[in-house]
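Colleague: Please give me a close look at one part of this model, how its helices are laid out and what they touch. Take it slowly and link the pieces up as you go.

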Amino acid sequence: MKKTLSVFCVLIVALATFGCAKKAEPVAAPVAVEPYKVAFIYIGVPGDLGWTHEHDVGRLQIEAAFGDKVKTAYMENVPEGPDATRVIRQYAQDGYDMIIATSFGYMDPMVEVAAEFPKVKFIHCSGYKTSDNMSTYFGRIYQARYLAGIVAGKMTKTNIIGYPGAFPIPEVVRGINAFTLGARSVNPKVQVRVVWTNTWYDPVKEREAAVALLDAGADIITQHQDTVEPQKAAQERGMLSIGYDSDMRKFVGDTVLTSPVWNWGPYYVDTVRKGMDGTWKSEQYWEGLSADVVRLADFSPLVPQDVRDQVSVVKQKIVGGTWDVFTGPIKDNTGKLRVNEGAKMSDGELLSLDWLVEGVVGKVQ
Amino acid sequence: MEDTANEVPLVEMRGICKSFPGVRASDEVDLRLERGEVLALLGENGAGKSTLMNILSGLYRQDSGDVFIRGEKVDIRSPRDAADLGIGMVHQNFMLIDTMTVAENVVLGMPSLPFVPDMAVVKRSILELGERYNMTVDPDAYIWQLSVGEQQRVEILKQLYRNAEILVLDEPTAVLTPQESHELNDVVKRMQAEGKSAVFITHKMDEVMAFADRVMVLRKGRVVAEKTTRDTDPKDLARVMVGREVLFHIEKGPFEPGAVVLELKDVCADDERGLPALRELSLSLRAGEILGIAGVAGNGQRELSEVITGLRPVKSGGISINCVDSTNKTPLQIIRSGVSHIPSDRMAVGAVGDMSVANNLAMKDYRAAPISKGIMLLPRRILEFARKMISAFNIATPSPETRVKFLSGGNIQKTILAREIESCGSLLIAVYPSRGLDIGATESVRNELVAQRDAGKAVLLVSEDIDEILSVADTVAVMYDGRAVGVMPTAGADPEEIGLLMAGIDPSEKETRL
Amino acid sequence: MTLAFEKRKTVSRTAIVVVPVVSFVASLVLTGALLMIFGANPLATYAAMFKGAFGSGRALTETLVKAIPLSLTGLGVALAFRLKFWNIGAEGQLTLAGVAATGVALFWSPWLPAPLLLPVMVLVGCAAGAAWAGVPALLKTRLNVDETLVTLMLNYVAILFSEFLYYGPWRDPKGFGFPGTRMFPKEAWFPRIAGRAHVGLYLALVAAAVLWFVLNRTRWGFELKVIGNSPKAARYQGISVERNILLAVLLSGAICGLAGVGEVAGISRRLQQGLSLGYGFTAIIVAWMAQLNPLAIPFVAVLMGGLLVGGDQVQMVMGLPSSIGLLMQGMILFPMLAGSLFTEYRIKRVGGQAVRESETGAV
């Protein structure tokens with residue numbers, strides 16, 4: 001893995017002492033008759049769009065890629081925390097070869113079960129703990145957020161953008177910061193106003209937050225939860241928006257200028273293939289636009305060509321690896337210089353990000 | 001009302017019978033009510049007055065007998081049927097919703113009410129009705145803002161608004177001040193002038209005289225007298241009401257009173273509504289004596305028993321038991337000082353219906369050996385104890401484990417009596433101990449009380465039954481309006497004189513006070 | 001001619017046995033019909049559910065993991081309900097106790113001797129549960145404030161307070177900002193018996209036995225019984241109604257609190273999301289199904305835990321959406337609860353109007 005971090009190393013050591021981390025037993029050559037069994041743990045329901053939907057799209061791509069040779073299953077609406085342990089264990093016990101858990105709160109339960117079933121492969125999304133038979137994976141959605149920020153920065157008239165966010169945790173903060181940096185790179189007058197909803201999925205709360213932001217003068221709404229309500233609220237006021245998770249333009253209309261979206265299929269297919277042919281190894285996977293695990297969805301016709309061009313130039317820089325979003329100078333929203341000119345934030349810093357960049361109106365608390 | 005005699009009566013009830021478990025509440029009762037007439041139903045508590053009126057207003061159904069309204073036989077299945085026939089009842093406990101306005105309460109539950117009633121119209125008619133009957137109430141006031149008297153007016157207005165022709169008032173003056181009673185009388189007279197009729201239930205003679213054209217006296221579910229008020233007087237009514245029954249044969253030892261056990265000095269206490277219930281009451285009771293407290297219910301008897309047993313706070317004055325001050329001590333302290341209590345409400349207070357006979361019997365003695373040991377309760381000992389008591393007091397129960405509420409009234413009372421007598425130290429307070437019991441049970445209760453007295457205990461017996469007091473008690477005191485108005489030995493006491501004292505009439509004046 | 005319920009004179013012994021069996025069968029039939037609508041084979045589903053809940057050692061321990069908090073909160077709730085004190089705040093009492101135990105585990109562990117850590121966590125947790133129940137109890141006994149609303153609202157206060165802590169001041173500094181406290185030190189872990197089933201199981205069984213003994217074999221239990229049936233009669237017998245209600249509700253909160261300590265010390269070993277999962281509310285169903293009998297509560301809790309755990313199978317094996325699993329759980333319970341009515345009442349035909357209970361005083 002390219003971006004192995006010192007933080008992760010420390011954690012792995014900590015993990016080795018945690019529970020009864022056993023040495024992986026020699027992997028027996030798989031008997032070809034049995035299909036390779038993969039189970040997914042979902043925080044929500046697959047539905048038509050959103051976080052869980054995108055994972056389920058990935059699951060279906062596994063089925064499409066391997067046909068009869070795999071069998072997939074999933075459990076939806078699994079609460080985070082201790083109850084997830086039971087579900088994960090149940091799949092492990094039922095003979096599943098690989099279990100993929102798609103929310104942060106499944107991390108500790110998965111660590112616990114992974115220690116008990118050394119032959120089963122555990123894949124956890126968005127966490128930071130690994131072991132011999134447990135990987136973690138995530139996508140650098142912040143890169144797509146930065147690009148979306150450019151679109152918003154170019155197109156706002158009031159220079160106020162509303163951003164209902166779920167929780168003040170690094171994942172969300174990273175997205176807000178990247179978005180704000182993108183917007184201000186083309187329009188230094190932009191203010192991004194954040195309202196914490198304290199929920200990942202609540203149509204009513206998300207809408208309320210969006211309405212409050214629109215009342216405060218926002219003319220573009222983006223968000224980090226899981227429903228299209230903020231986007232719809234903006235549309236009803238004749239305002240624009242930017243989606244998240246899925247291409248929300250398909251559900252709301254052209255007022256959704258674009259959406260940073262997930263594309264898990266390639267990663268899932270690759271991981272399952274490695275599991276099947278015995279080349280799977282525990283890793284920390286954190287890739288972005290270049291690996292196509294995150295994308296910026298197609299533009300709405302409302303987005304002018306010059307904006308599209310500008311986005312495409314920046315995208316090339318990111319994909320080419322010559323530049324990344326969190327490159328200094330970056331000030332926080334109290335005016336303190338956090339990243340020096342030319343310096344790049346490390347992944348360790350990004351994973352524990354707990355301050356907001358200049359231009360964000362809000363607090364991490 | 002002379003000219004109504006050959007008309008069809010407005011209401012006629014014929015041969016009404018109604019029983020409740022263990023009680024014949026109404027026994028072949030006939031009742032007539034003419035148009036424009038006010039009829040009083042007079043009787044002690046439990047005489048069957050309310051039962052009869054509850055049948056008329058559709059709350060109960062008679063076991064047998066017929067009801068005719070305006071000459072037609074009717075079947076009143078519910079209060080709504082009664083309302084359709086023009087019968088409206090004002091209950092002792094008002095059926096009003098505190099958090100709603102007068103106008104809302106008045107129209108509440110009317111079947112013909114539109115989904116969104118025009119409250120302005122309702123308010124206007126309430127004001128008109130109020131003016132017509134001289135009982136103004138603000139239609140926008142909330143019920144909780146009104147005095148009890150005003151609430152009663154709302155209840156009456158509610159019935160008038162529904163065009164009730166027959167108004168049934170269940171002890172309407174029990175909650176009223178004399179001034180309010182006077183106003184109520186005025187309202188009833190105005191209604192009468194319009195040709196409406198009223199039945200009112202009471203146990204106060206002076207009200208009968210003031211309100212009614214005619215009076216029916218009930219005792220133990222039967223009609224014992226029917227008179228026009230012009231042909232009677234309170235003295236006469238008092239005699240009829242308390243009646244003279246066949247005296248039970250009570251074996252009683254000689255009266256040899258000992259030391260004073262209970263002493264009350266100038267005790268004052270309030271009732272639930274905060275109105276004075278006891279007014280500087282003084283009494284004393286000696287060992288080996290039964291003091292009978294006579295009086296019409298509601299004159300402070302229940303409160304008297306409660307202040308002695310610590311269930312009701314004493315506002316002023318003092319109580320001592322065996323020369324030890326017991327004023328405002330806790331119920332447990334008073335129980336421990338040797339006081340037993342047979343309460344008036346045997347189902348709600350005296351016994352726990354859903355618990356077994358055995359548990360009910362043990363409910364006082366559970367605190368000590370042999371039933372308990374330290375903090376532990378010994379169920380086998382409870383059963384042993386219960387079996388002993390059941391046979392000693394002849395309690396008829398399928399088993400000690402039967403729930404008490406499935407016993408007859410008499411056996412429930414025997415259960416309470418057994419427990420209280422067993423745990424009695426020096427003072428036994430018995431409130432209406434034989435109320436609602438059949439003859440056999442009544443006799444055994446009375447004999448037990450006498451046995452306690454003969455064993456040297458002091459017994460305070462509260463009763464409405466003068467015969468019971470005269471045959472059981474050694475001394476009688478009459479309670480009227482929170483005071484003990486006459487204390488005399490029962491030997492040679494004149495029941496008629498006691499009846500007058502109960503009616504609030506000083507026999508020496510021989511005059512009615514209203 | 002209408003039908004009315006009439007209270008049985010004695011609780012029929014046959015009814016106690018027959019009614020739950022019949023209602024259980026009725027549940028299965030009803031739910032089976034539902035499953036068939038969704039195209040699933042009911043028998044196969046039931047078999048899968050049973051296997052998922054009780055079919056293997058691991059399954060059984062997972063069922064027990066649920067049964068532990070369910071029986072503890074069930075016991076707490078049952079105690080309060082026996083006094084007609086409607087404590088629907090078990091969820092909050094559990095949560096606050098979990099918070100308190102977490103505080104001990106995180107902040108007292110450096111100086112508290114290791115063997116004392118767990119006992120202190122249990123004591124402090126129970127005290128917190130008791131205190132949380134004590135608020136509505138005091139309001140009820142002193143000011144006659146309705147306890148139903150107060151206990152219900154305090155649930156949310158406790159839950160939000162715990163969220164505040166693990167999102168805010170107690171958040172694991174090494175947790176990359178994710179909500180949740182740091183892991184407890186090992187001395188603050190409840191020993192596990194098998195799988196994830198921890199010693200809370202023994203505590204629950206002991207609590208059930210002790211509560212039964214207190215209620216049925218002690219003077220205090222007798223007094224509580226009298227109060228629960230008739231506070232007026234209790235007062236007349238010299239029993240202090242207010243004081244005893246207060247004491248019993250404190251005990252109720254403490255038992256619910258024990259469940260919270262078990263969850264943080266035995267299962268999650270930290271304070272984080274998903275501490276309770278509604279155990280405090282399910283406890284109400286457990287308590288009623290057990291007819292408030294402490295000895296029956298652990299058994300009902302195991303059944304209930306089995307239903308929750310086996311419900312996963314509806315998704316896993318039968319491939320039905322999770323909402324069907326929840327719907328099934330509701331449908332299985334409904335006839336069971338309705339059935340309990342028939343042990344106390346029977347249906348009687350009455351002519352004409354509804355029969356009204358006569359009050360003795362009104363005769």
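Modeller: One definition up front: a helix axis here is a line fitted to C-alpha atoms over the stretch in contact, and an angle between two axes runs from 0 to 180 degrees between N-to-C directions. Also keep in mind that this is a predicted model.

Let's start with a helix pair in chain A. Helix H5 (residues 141–155) of chain A packs against helix H6 (residues 170–186) of chain A at an angle of about 40°, and their axes are 6 Å apart. Angles from 35 to 65 degrees fall outside the parallel and perpendicular classes, so H5(A) comes out as oblique to H6(A). As for handedness, the crossing of H5(A) past H6(A) is right-handed. On the H5(A) side, the residues that meet H6(A) include Ile141(A), Tyr142(A), Arg145(A), Tyr146(A) and Gly149(A). Their partners on the H6(A) side include Arg174(A), Gly175(A), Ala178(A), Phe179(A) and Gly182(A).

Now zoom in on one residue of that pair. Tyr142(A) sits in helix H5 of chain A. The cut-off for buried is 20 or more other C-beta atoms within 10 Å, and Tyr142(A) has 27 such neighbours inside 10 Å, so Tyr142(A) counts as buried. If you ignore neighbours within four places in sequence, the contacts of Tyr142(A) are Arg174(A), Gly175(A), Ala178(A) and Val325(A). For a sense of scale, Gln284(A) is 142 residues from Tyr142(A) in sequence, and their C-alpha atoms are 17 Å apart in space.

Next along is helix H7 (residues 203–215) of chain A, where a quick geometry check is handy. At 1.5 Å a residue its 13 residues should span 18 Å, and the end C-alpha atoms are 18 Å apart, so expectation and model agree. Which residues of H7(A) are buried? They are Glu206(A), Arg207(A), Ala209(A), Ala210(A), Leu213(A) and Leu214(A). Looking down the axis of H7(A), these buried residues fall within an arc of 160°, so they line one face of the helix. The spacing rule behind that is simple: an α-helix has 3.6 residues a turn, so residues three or four places apart point the same way. The face turned away from the buried side of H7(A) carries the exposed residues Val204(A) and Asp215(A). Covering the buried residues of H7(A) are, among others, strands S6 (160–165), S7 (191–196) and S8 (220–221) and helix H8 (229–236) of chain A. Just after H7(A), Gly217(A) takes a positive phi of about 105°.

Chain B offers a useful counterpart. Helix H1 (residues 49–56) of chain B is mostly covered, with eight of its eight residues buried; they include Lys49(B), Thr51(B), Met53(B) and Leu56(B). After H1(B) comes Gly58(B), with a positive phi near 85°.

Finally, step back to what chain A meets outside itself. Here 19 residues of chain C are in contact with 24 residues of chain A. On the chain C side, helix H3 (57–82), helix H10 (241–268) and helix H12 (297–316) each supply at least two residues, and H12(C) gives the most, with four residues. Chain C also touches chain B: 24 residues of chain C are in contact with 33 residues of chain B. There, H8(C) gives the most to the chain C side, with seven residues. As for chain C itself, 48% of its 363 residues count as buried.

Methods. Residues are numbered from 1 along each chain as its sequence is written. Chains are lettered from A and ligands numbered from 1 in the order in which they are written. This is a predicted model: local features need pLDDT of at least 70, side-chain atom pairs count only at pLDDT 80 or more; totals for chains, interfaces and linings use all residues. The expected span of a helix is 1.5 Å times one less than its number of residues. A residue is buried if 20 or more other C-beta atoms lie within 10 Å of its own, exposed if 12 or fewer, and partly exposed in between; C-beta atoms are placed from the backbone. The arc is that of the directions from the helix axis to the C-beta atoms. Two residues are in contact if their C-beta atoms, placed from the backbone, lie within 7 Å. Angles under 35 degrees count as roughly parallel, over 145 as roughly antiparallel, 65 to 115 as roughly perpendicular and the rest as oblique. A crossing is left-handed if the near helix is turned anticlockwise from the far one by less than a right angle, and right-handed if clockwise.
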